[in-house]
Every structure is written in C-alpha cells, then in structure tokens.
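Open the model in your viewer and keep the selection tool handy. We will go from stop to stop, picking residues and looking at what surrounds them.

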Amino acid sequence: MSAPVLWILIPAGVGLVLALFSGSPRFTFTFALVLAFLLAWAALLLPIDQPLAVGGFAFKLTPTFFFLGRSLDLTVSDQPLLLGVWGLVFLWLAGGLFAQPPRLFAPAVLVAVALLTAALAVTPFLYAALLFELTAMLFVPLLAPQGRGSRGVLRMLAFMTIGMTFILFVGWMLEGAAASPGIPVLTLRAGVLLGLGFAFLMAVFPFHSWVPMLMEGADLYSAAFLLFMLPGAVALFGLELVDRFVWLRQSPTLFTLLLAGGAIMVLVGGLLAGLERRLDRQLGFAILLETGMSMLAVAVLQSTGLALFFALLLPRGISLLVWAASLANLSQQPRVDLSLAGVKGLAGRYALRFAAILMAIFSLAGLPLLSGFPFRMLLIQNLAVDSPWVAGAVLLGNFGLMASGLRIIASIVSEAPRPDLSVAVTGDELERARTPDFPAWLFISVAGAGSLVVGLFPQWFWPLFDRLPAIFTQLGH
Amino acid sequence: MLLILAILLLLATPLTVIGLRRVRARVGAQWLMAALGALLALASVWLLRPRLPLTLTLLDWSANSPFLESPALLADLFSWPFALAIATLALAVILTGVGRLEDLESGAWTGSLAVSALGILAVLAGNPLTLVLAWTALDILELVMLLTRVDDPSRRRSVVVYFSTNLLGTFLVLFADAQARALGEPLTFASIPAAVSPYHFLAAGLRLGVLPLHLPFVREPDLRRGFGTVLRLVSPAASLTLLARAAAGGIPLAVEWPVILLLALAALYAAIAWLRVPDELVGRPFWILGFSALAFASALYGAENAVLSWSLAGLFSGSTLFLSARPGRSRLIIGIFSAIVFLGLPYTPMHAGLRLYLRFNGLHIPFLVAHALLAVGYIRFLLRPPDPPEARPERWIRAVYPAGLLLLFASHWAATFPQLTLPAPLWATLVILVLVLVLGGLGRRRISVPAPLFTVLDRVFSFRWLATVLEWALQLISRAAAIANRLLEGEGGILWALVLLVFLITLLRQFGGGG
C-alpha cells in the first residue's frame, strides 16, 4: 500500500460513503472521529518507505501513488505534518459534537482534508490550485444551508476562482522563469501574478471582505474550519514554491512584501475585530490577523527558521476551534443574537460558553499565560531586531483583538438580563443553558487546561514544531 | 526553593481552607488555618532577608527551544520590601478580620491569600517576562473576583475599564521588550536601557492610574474592608516594583517637565479629593493615586530609594488606616505613630521619600502640598469615630486585632531599615510639618475648597473629559471602519479592493524608493 492511499484516498473515500449516511450525524461523527484518530496514530507509528510487520503480515508504505498520469508523494518527512493535521482534525470533529454543525460536516471534513493533503502532495504542483478551489466548493452546501449567507459564499468562490486562475496562469511562467532565471522581467511578472493569486486565495487585504461576510451569514463552525485549514494549506503550498524556486527564495522583495503585508493584515484584522459589533464577524477578523501572523513568521524565517510558522499553528487551531464551537453553540441557544447588544447581561446564563470564547480570543491575541503568548512573543522579538515598528504594529493589532474580548466582557456583565428575555425563557431552558452537558463542559475544560499548559510550558512543544520544516528540502535546513 | 515558598504557602492555604469549609469545619478552625498559612508565608519571606539577592528559574523555557528568557524570580533590596509588605498585609487582614463581623467569612480570607500570592509573584518577578505573566494572572483573578462581587452594572463597567488599562500596561512592557531587542540588548531588570524605561514608566503609570490620570474606581466597589484592602493595594504594589526598577533609567529631559506637571496635577487632585471624602474606604482610590504619583515623580528623578519609601509608606500606612475599623486605644496609638511616619521625619521609614526634593524646583511645590494634604486627611480619618462595635469582643479578639495593626507598623520599619539613615532635605520635613499644621487648622475652622469650585476642578483635573473625548473618537473611527467594511462588502467590493490595492502599491513604491 502507498502512503497517499492511506492518508488521501481512504479518508476521501470514507468521507464520500459517510455522506450517504448523513441522516445519522452521531454515526458519521463517531466514524470520522475514529478514522481521524487512526490516521494520526498511523502517522505517528508507521514510517513511510520502510518494511513493517504487523503480526504475521509484512508490508511497506510506499511514498508515491500514480493517478491518471499524475503522482501523489508523501515521504517520511511529511509524517509530523500528517500527525498534526489529523490530530487537529480529530479535535475539530470532537468540537463538532458541541457545536452541532450541519449533518454533512464530518464527511466533508474528511474529504476536504484529503483534498488539501493531495494539493500539497501532487506533482505537477499546478494542480494544487484546482484542489483548493474544489475544497472551497465542497463546503458550499455546509456554508450556505437554505441559501443563508450566500453572499459571502459567492464572494468566496469568486475570489478563490480568481486566485486559482492567477496561480494556473503563472504556473508555466514560473517554469520558464526557473529555466531562464536571467530574465528579470519574466520573473517579476510571474512574481506579481503569483502574489496576486495568493492574496486572493488567502484573503489578504484588500481582498479580505469575504471572510467577515462568510462568518456573519454562514454556518459558523464549518466556516471557521474551512478558514483555518484552507489558508494554512495555501501557505504551505506557497512555501513549497519558495522552496522550489531559487529566484523566489533569494528575492529580498518577497520578504519585504511579506513583512509589509503581514503587518497590514495584523493591524487591519486586529483593529477591525476591536471595532466590530458582531461576535461572528470578530472571529472572521481574527482569522485575518492570524493570516498576517503567518506571513510575518515566514518573513523572519531567515533568523528563526520555519519552526515558528508551525508553532503558531497549534494555538491557532485550538483557539479557533474553541471560539467557533462555543459561538456556534451559543447561536443555537434560545433568543440569543450574536451582537454586542444581543448578548448584554448574558454572563450568568452562558458563563461557560463565554469563558471559552474569551479564553480563545485572549489566547489568539497573545495574552500572557495562554497558548498564543510564547510563540507570538518570540515572533515579535525577532521582528523587533530588524523592524521594531512592525513589532509595534503587531502588538497594536493584537491589542485590537484583545479589545474585542474586552468589549464582549463589558457587554455580558454591564446590564442585568433583559426583562423580556427573563420572562420569555422558560425555567427548563434557563436551567439547560446554565448547565451545559458533560461533553461540553469537558471539551471547554480540556481546551482551557491545554491552553494554559502550552502557555506555561512552551519548551515541551517546541521539539514537535522543530521537526516540521523538514518537509521542505531547502527552507527546512 | 525558599524563594517560592511564600507563594506556594499562600496558594495552598486557601485550598486547605476551602477543604475545611467543605467538611463543615468551624469558622474558627478555618480562620486559624488561614492565619497559620499567612504567618508561615510571612516567616518564609523573612527568611529570605539574610540571603539577598536570590534568584530562581521557575520554568526553563530555553531548554531545547529558541526562547531567550525563562520565567524567574529575583529577591533583592528592591523587591523584598514589597514582598514583605504584601505578606504582612495578608496576615494583618486575617488577624484584624476578627474585629469585623463582615470579614468573618472564609471566602474573603481565601481571596485575600490568593491575591497576595500572585502579588508576591509579581513583585519578585526576575525579568519582564515573569512580570507580565504575574500581572496577567493577578489581573484575571482580580477581574473575576470583582465581577462576582460587584452587582451594580455601572461599577462592573469600571471593573472592565480597569482590567483593560492594566492589559494595556502589560502590552507596553512587551513593547519595551521589543524596543530593547531593536537596540540589541535583551531586556532584564539588571540593566534597563534609558531608551526603554519611558515605556516602563508609562506601563506602570497606566496600571496605577497616574499617567494619564484616570480613576476607574471613583466609587469604590462594595467590598469587605479587609478583602477590599488587599485587592486594591496588592495590584499597585505589583506596578510600583517596576517603577523602582525603571527609576535607574530615568526619562528623556525633553519630556521630563510635562510629565512632572501631569504628575503634580494627579497628586494634587488625589490629595484634595482624599481630604473631601466622608471616610477612608471611599477615599481609598485617591490615597493610592496620591502616593503613587509621589512615587512616580521620585522614579522620574532616578531616586530609587524615594520610590521605595513612598510606595511602602502608601502600602503600610494605608493598610493600617483601612484595616482599623474597631474603636480602641491601641488603634489610635498605632494609627498616630503611622501618621507620624507618614510626615517624613528624620530616621523614620518615610524620610527617604523626601529625596524627591533633592533637585528642588518650582514644579515640586504641588508635591509638597499634596503630601501635606494626604497626611492631614490621614489624621482626620484616624480621629474620626470608628464603626460602632457589633458586640463586646472576646478577650482574645481584643489581643489579636491590634496585633494585626502592630504587625503592619513594625514591618514598615523593618522593610525600610537599611535606608532609615539616608540623607534627605530637612527643610522639606519642616515645610510639610508647617503645611500640615496650617491645613489642619484651616480644616478645623471648616475652611475648605468650596463645593462648586471643587466640582469644576474635579471635572478638569480628573481627566474624565479625556475619556469622553477618547470614547467619541473611538466611535468616529468605528463608524469610519463600518463604512469601509460596507464598501468592501457591497456590490462594488471587488472594484474597491482593486482601487485599494493600487493605492497600497503606490504607497509602498513611495516608501520603498520607487523600487
């Protein structure tokens, strides 16, 4: 058996089959959870391209799988990444039990992650752009159930398609530029078009408008999952290009643009989150800020290496999961509107959910003690060496995001529960709201404890991130 | 290990007390456990004294990772007196609690001990990283405790504002760290570059409410006397320790006088307001603001000993006054001695505070007046008839209660012992004494700032108008952002995005030299 079959075709196939059972969400979630766990476990224990014996059965996971004349390659150096991805998928699926996303969520997640893995494994690399587009299209039925939030979805599809076109168009130009690096005009054009393509795919400012639009209208949990996975995969694809093309890798302009773009994204995302009045859109702006942080982590890779880029992903994945799950759950509560005015006085009624949301926001904003802090601090310290004002901008953007959390606190505690709601909500409803079921309580408690552990003991986790850059032959060393 | 013992004891004791409460142990047993824990914590702080300076790495972040610093503790002549102040306050609150029925509740003791533990962690922080971690832990604990105890929605909003300004202070310390990296100097408390110390001043000023002047708690939250004192004094102590350390760096001369002027206004405003409030608990925020402004001014002149002196006087003398609610001769005697200490007489703990006036100029006059007003107010509240006793106390209460106050007084002397003989301008002591007598005399003749005039002064100098202006500006920015969002998310959003992109490219080309 080959590794791509195990980590790409099997989850994609299982996802498609599970879609037929979407009428039983408990079954599909359980099945998907078990599969995600097994795939993570396999990434940890089954080395690729080495003979293995399980019981009396001997086999080898070959790294390449050929498909319609194209190849999918997963090598042993990809295994830490596969472990991280499937580990996070497991957590997101577990969070789905609390967030109650649409029934097709679990199957769609399996197929989407398989597609994104394929995008990073496919040769020729141009096909990656198509696979990104396919992933976005796959989520359309989840994002806009009964046409809700269709404006954001349409905008997302439009931007994804434009981005994909740029990437495809630039593909052959890049090959040409690689063949004849002495032609600066060619490489400049290819670079500009590539930059535009990535800007559209990753919702880089000013092409970011679809992200808050999507968060406002679409299913929150599905949108958050897509917006965590897709930009992450696109960023890895971008790094692969930088790794592959020496003229990109040695271009100082690229790193200057990443620095400027990252700083703008962090500032725009953070400040707009702080000024935003809707809780779901705040999440969208936080995702923009996170994209900026990733860009900055790549911009300083010459001093820190790529480990920092990966280190930022773990707290991001967990915080976005907790934030989106709690917010999605909150939006399903009786008569709750996800605006600052709509959550006034609700601190007592939904204390646990708000605690989880606030913990996630503060963690993403780099509040000391929480998981986001140590790695952000490291990034800011490295940025400060060459560009102290970018470091200042990052701190300001992060404080903007923190302000969004502070505004939520001010809203939920500032007024007594609205009298009309107190009357309208029945005693049973109130009791249910105050005491979330055990899995929810467990999920939030574990996430909180996990955030504290990463925040206080980052040195335990660093060796995990230190192994991940090995997936790149040039950048990893 | 000794360095962290007090913190561990203060954290473990509340857990034990909660355990006792769970098994329905008598309140007396719970109190005894709390007092024992606090006493042991105080003893462990005392054990540090002959071993100073001491350092301890709490968590080794640099192992197998690129982190340059690790959370660490440092006990030296700057931090130890603050640790002693907090440990003493924790014990004093529990000891004097027996004299106040409202404080005979284990929830207040456990809260006091936990806050004190985090306070000691903050003052013993060995580097800025540890300081921001400890500040955040303290801020979150304070936020939760205040929000769960304050019912009035407007006061809850004040709590959130207070938390926000504290967080802003924390971010400023992180910014200072980034600036130090830019200068190629990792930021430690051993050497704070002069270019970085202004950020530390601003961070401490924000947390103390001094710079820019702001008072989130113009009306104090309804907290018990003992617990409220711990909650309101420990957080400033955690910020004052940064001031003491940053003092060596000073401030650029170009901004020195405007900052001093702002501090003088803050000190005067706080001192006048302190004199006008009906009782010491209502006046607590003004007391904190007043002595913090004086400590801050000392820090700007690089007078580290004066910072320490003002800070400790504010903490110890303030605690003595705030915790003394029961009538009795012992209260009056200890209180009068505390008041005398606050005057800054030679060979008393506060005398070194007058080193603020070593480089005397006209801008120092408001500080002298503020000092005198704070002292007059202190004496006035001391002579005020105390709360009527609920019942005749038992004999052991009559012994334990003053012991708590005496402990504060004695610890004040012990904490400042090495600097009792530091020279300071004697003329300043005389001026303070004369001012206290004059202002006290005016007060007795009921001559004070007329209410309408004070209202006007209060409006101008409380800087609440600044908060209103800021709020208005924020609303304006918020509206502009909403309009921009609407444009980008509207039908013509893609076109607007392209226009913005062209604008950005033009800007980048401009700043990038057209390359």
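Start by selecting A:Arg376, which is buried in this predicted model. Its relative accessible area is 4%, and buried means under 20%, so A:Arg376 falls well within that class. Now add A:Glu290 to the selection: the two form a salt bridge, with the closest N and O atoms 2.1 Å apart. A:Glu290 sits in helix α13 of chain A and A:Arg376 in helix α17 (residues 372–386) of chain A, so this pair ties together parts that are 86 residues apart in sequence. Is A:Glu290 buried or exposed? A:Glu290 counts as buried, at 2% relative accessibility.

Stay on helix α13 of chain A and pick A:Arg281, another buried residue, with a relative accessible area of 5%. A:Arg281 makes a salt bridge with A:Glu216, and here the closest N and O atoms are 3.2 Å apart. Because A:Arg281 is in helix α13 and A:Glu216 in helix α9 of chain A, the pair ties together parts 65 residues apart in sequence. A:Glu216 itself is partly exposed, at 39% relative accessible area.

Keep A:Glu216 selected and add A:Arg278. Their side chains also meet in a salt bridge, at 3.9 Å from N to O. This pair links distant parts of the chain, 62 residues apart: A:Arg278 is in the loop between α12 (252–275) and α13 (279–299) of chain A, while A:Glu216 is in helix α9 (residues 210–217) of chain A.

Which residues belong to the network of salt bridges around here? Select A:Glu216, A:Glu276, A:Arg278, A:Asp280, A:Arg281, A:Asp337 and B:Glu489 to show it. Over all chains, the structure holds 18 salt bridges.

Next, go to A:Ser326 in helix α15 (residues 307–331) of chain A. This serine is buried, with a relative accessible area of 0%. Leaving aside neighbours within four places in sequence, A:Ser326 is in contact with A:Phe98, A:Arg353, A:Ala356 and A:Ile357.

Now for the nonpolar interior. The largest nonpolar core has 371 residues, and A:Trp7 and A:Phe310 have the most contacts inside it. Helix α10 (residues 220–244) of chain A gives the largest share of this core, 18 residues. Center the view on A:Trp7 and show what it touches: beyond neighbours within four places in sequence, its contacts include A:Leu39, A:Ala42, A:Ala43, A:Leu46, A:Trp86 and A:Thr117.

For a look at the surface, select A:Val34, A:Phe37, A:Leu38, A:Trp41, A:Leu44 and A:Leu45, which make a nonpolar surface patch of about 600 Å². Click on A:Trp41, in helix α2 (residues 25–45) of chain A. A:Trp41 counts as partly exposed, at 44% relative accessibility.

Move over to chain B and find B:Ser330 in helix α12 (residues 329–343) of chain B. B:Ser330 is partly exposed, with a relative accessible area of 29%. How far is B:Ser330 from B:Pro402 in sequence and in space? They are 72 residues apart in sequence and 6.2 Å apart in space, C-alpha to C-alpha.

Finish by coloring chain B by confidence. Its pLDDT averages 86, and 93% of the residues score at least 70. Among the elements of chain B, strand β2 (residues 72–75) has the highest mean pLDDT, 94, and helix α16 (residues 451–461) the lowest, 73. The model as a whole scores ipTM 0.89 and pTM 0.90.

Notes
Residues are numbered from 1 along each chain as its sequence is written. Chains are lettered from A and ligands numbered from 1 in the order in which they are written. This is a predicted model: local features need pLDDT of at least 70, side-chain atom pairs count only at pLDDT 80 or more; totals for chains, interfaces and linings use all residues. Side-chain values use heavy atoms; hydrogens and water are left out. Patches are made of residues with over 30% relative accessible area and no salt bridge: like charges are joined within 9 Å, nonpolar side chains (Val, Leu, Ile, Met, Phe, Trp, Tyr) within 5 Å. Accessible areas come from the Shrake-Rupley method with a 1.4 Å probe; for residues, only the protein chains shown count as cover. A salt bridge is a side-chain nitrogen of Lys or Arg within 4 Å of a carboxyl oxygen of Asp or Glu. Helices (H or I, at least four residues) and strands (E, at least two) are DSSP runs, numbered from the N terminus. Buried means under 20% relative accessible area, exposed over 50%, partly exposed in between (1.4 Å probe, protein chains only). pLDDT is the predictor's confidence in each residue, from 0 to 100. A nonpolar core is a set of buried Ala, Val, Leu, Ile, Met, Phe, Trp, Tyr and Cys residues joined through side-chain atoms within 4.5 Å. Contact means heavy atoms within 4.5 Å.
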